[in-house]
Amino acid sequence: VEILLPSLVRGAGIGSTYALLAVSFVVIYRATEVVNFAQPALMILGAYFTSVFVVSLELPFAVGVLAAMVVMAAIGAVTERVAMRPLVGQPVFSAAMVTVGVFIVLTMVASRLIGPEILTVGHPWGVEQVQVGGFRFAQVDFAKVFIALGAIALVGLLLGRSRIGLAMRATSLDQETALAQGVNVGRMFSISWALSAALAALAGMLIATSAGGIAAISALVALKALPVIILGGLDSIKGSVVAGLIIGVAESLTASYQASYAPWLGANFEVVVPYVILIVSLMIRPYGLYGTPEVQRV
Amino acid sequence: MSTPRSLRRGRPELYSDYAADQALWNTSAKRWSTIALLLIALSLPWFLNRDHLTLATYVVVYAISGIGLNIVSGFAGQISLGHAIFMGFGAYTAALLGGSPSTTAFGTVRGYELDLLIWLPMAGLVPALIGWLFAPLAARVRGLYLAILTLGLLFVGEHFLKESAWLTGGAGLGRKPASPTVLGFDLYARRTVLGTELSQIGVFYLFALLVLVVLAVLGRNLTRTRQGRAFSAIRDRDIAAEVMGVPLLRTKRLAFTLSSFYAGIGGALYTIAVGGLTPERWNLQLSIDFLAVVLIGGVATISGPIIGAAFVVLMPRFIETFAGSIPFISATVGGTGIMNVFEFQRLLFGVMIILFLVLEPRGLFGVWIRVRNYFKAWPFSY
């Protein structure tokens, strides 16, 4: 139990970050049916801007994070307008490959801005620990869970209750019909990208709270959101939360126990656990826990 | 039944039977240009220096793996982001069978020092077997799901390679590649051919070119067969193909197996041109490079990946050479200017993928088709 409980909490912390990233994928997928492979770059840029605002400009932490999210939202919207809009009506594969191109470009920009340094975001939680019933947990893990789930709940409210959310859901159902009903479909695409980039920035901040900060190269961590969206279902926000927590906890449990129970899997096996879950979940349930099964027409 | 010569004169595209229409060289222009290009490629070792020959060898091995990716992703339409790991499996099969044992900080690295006639086929067959085993999984999902699945395979495979120190020498250390020796004849040694002494890489380049020609002709022939047409049917609409009697699993399996075979051979030859191999080399970036080879070259063609490979390999060097003349680029890491040359290469690479997909989805091959059609129809515009 001394190992189990802290691993569970740590797993929930990582998992909720993954869930947040997964939601940022889902928002774009629902609007445009494209899996946005550029998300890791958006995430690392978000972490960079948070670091600039909080550490260099010494803004209050919350203000800095919000400012970074606004900047990233603008970058996301511009990217959509420049790179993705010309591809409306093209095969989904082309659009996905363009996001790979965007990924390369933005990663380059990010690593140019960050350089070889390690990013820290100057977060207020530090390395302090909380004592609950005789167990010690890192404060930052609770912060991750609250912030990530809070942000996801806000997005859920926005999509479910607001006028814009209704328009976005209409767009994801059928773009042409939505257009005929007076929805500005192009603007919905922009909003989706902006929202998604802002969420990625928030997730980047949460990832950068890890001890010692993050380097530009750790952008690929964001790809762990892919197993999450596959397990949860590509178009389901609820699925993202559940699957994010499952995968985060699985990863942290592996980190705690694999070395003593299955050493033949090699060191650092927890890094690939999400992908093993991904492969298994595609075998058993390709559309995920809460996803909509794809209807195929000839 | 072939058309009499007198009738064909002045009508190069008159076909009266399917065999002529479907022939490898269905026009004489194609025949002569292929022969000319081949002769130029063969003569390169006598003209280029060692540095440029190494680049040419990279082009050849990239083309081999690129054709492999085009079989599964271009012809059969099954997007794979895991191509790099199949190359890695091929490279390590070759290194295990053909390399020599050594010791690193992680322990002993095995090597059996076998002949190229054994390790080169095995470098193709072992990845092919892995592809064959992986295919039933891949056949369950399509489109972007498949891309994500192969991405998962890539990460798991990369982990396996990093942890198998007995095979790979361990993360960050690596090992020596297989030695290219055929029955005691070393293909990576200085040789005097036609009165000129060729460099080591020059001799190896000729061998790699031979492999490329054989595999390219095989690939081109494959696309003209029943199986090749089944690939296209699956790419265009897999359910419709199934209704027409194309066995989905078997065809997809064949595509994955063949593609992994090409990848493995390409990977094995690549490591010899590089001179060493580390388990980190077979990562997502390499996979994306190969997608670029296919996308920039031309989807669902055999000549496309060859053009694409030339482009992807030579463009960075081209930029490096001319970096001094571009104002905002610094030639060294940490120099002044907005970015250094390596960052500019990656940036341009991403921009190229975007531009080709947006403006010319058929790639450089499509550009060539346009140019050709323009001159074919000249002086008319259509």
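**Close-up views of salt bridges and positive-phi residues**

Glu360(B) is buried, with a relative accessible area of 7%. This residue belongs to a predicted model, and the views below present Glu360(B) together with other local features of chains A and B.

**View 1. Salt bridge between Arg370(B) and Glu360(B).** The side chains of these two residues form a salt bridge with an N to O distance of 2.8 Å. Arg370(B) is part of helix α16 (residues 363-377) of chain B, whereas Glu360(B) sits in the loop between α15 (341-359) and α16, so the pair ties together parts that are ten residues apart in sequence. The acidic partner, Glu360(B), is buried at 7%, while Arg370(B) is partly exposed, with a relative accessibility of 49%. Both residues also take part in a network of salt bridges that links Glu360(B), Arg362(B) and Arg370(B).

**View 2. Salt bridge between Glu251(A) and Lys224(A).** The side chains meet at 3.4 Å, N to O. Glu251(A) lies in helix α10 (residues 237-261) of chain A and Lys224(A) in the loop between α8 (185-208) and α9 (225-232) of that chain, so the contact ties together parts that are 27 residues apart in sequence. Glu251(A) is buried, at 9% relative accessibility. Lys224(A) is likewise buried, at 10% relative accessibility.

**View 3. Salt bridge between Arg85(A) and Glu80(A).** In chain A, the side chains of Arg85(A) and Glu80(A) are joined by a salt bridge of 2.9 Å, N to O. Glu80(A) counts as buried, its relative accessibility being 2%. Over all chains, a search of the whole structure finds seven salt bridges.

**View 4. Positive phi at Glu33(A).** Although Glu33(A) is not a glycine, its phi is positive, at about 60°. The residue is located in the loop between α1 (4-32) and α2 (39-56) of chain A. With a relative accessibility of 42%, Glu33(A) is classed as partly exposed, because this value falls between the limits of 20% for buried and 50% for exposed.

**View 5. Positive phi at Ala300(B).** Ala300(B), a residue other than glycine, has a positive phi near 60°. Its position is the loop of chain B between α13 (284-297) and α14 (303-322). The relative accessible area of Ala300(B) is 23%, and the residue is therefore partly exposed, since buried means under 20%.

Methods. Residues are numbered from 1 along each chain as its sequence is written. Chains are lettered from A and ligands numbered from 1 in the order in which they are written. This is a predicted model: local features need pLDDT of at least 70, side-chain atom pairs count only at pLDDT 80 or more; totals for chains, interfaces and linings use all residues. Side-chain values use heavy atoms; hydrogens and water are left out. Helices (H or I, at least four residues) and strands (E, at least two) are DSSP runs, numbered from the N terminus. Buried means under 20% relative accessible area, exposed over 50%, partly exposed in between (1.4 Å probe, protein chains only). A salt bridge is a side-chain nitrogen of Lys or Arg within 4 Å of a carboxyl oxygen of Asp or Glu.
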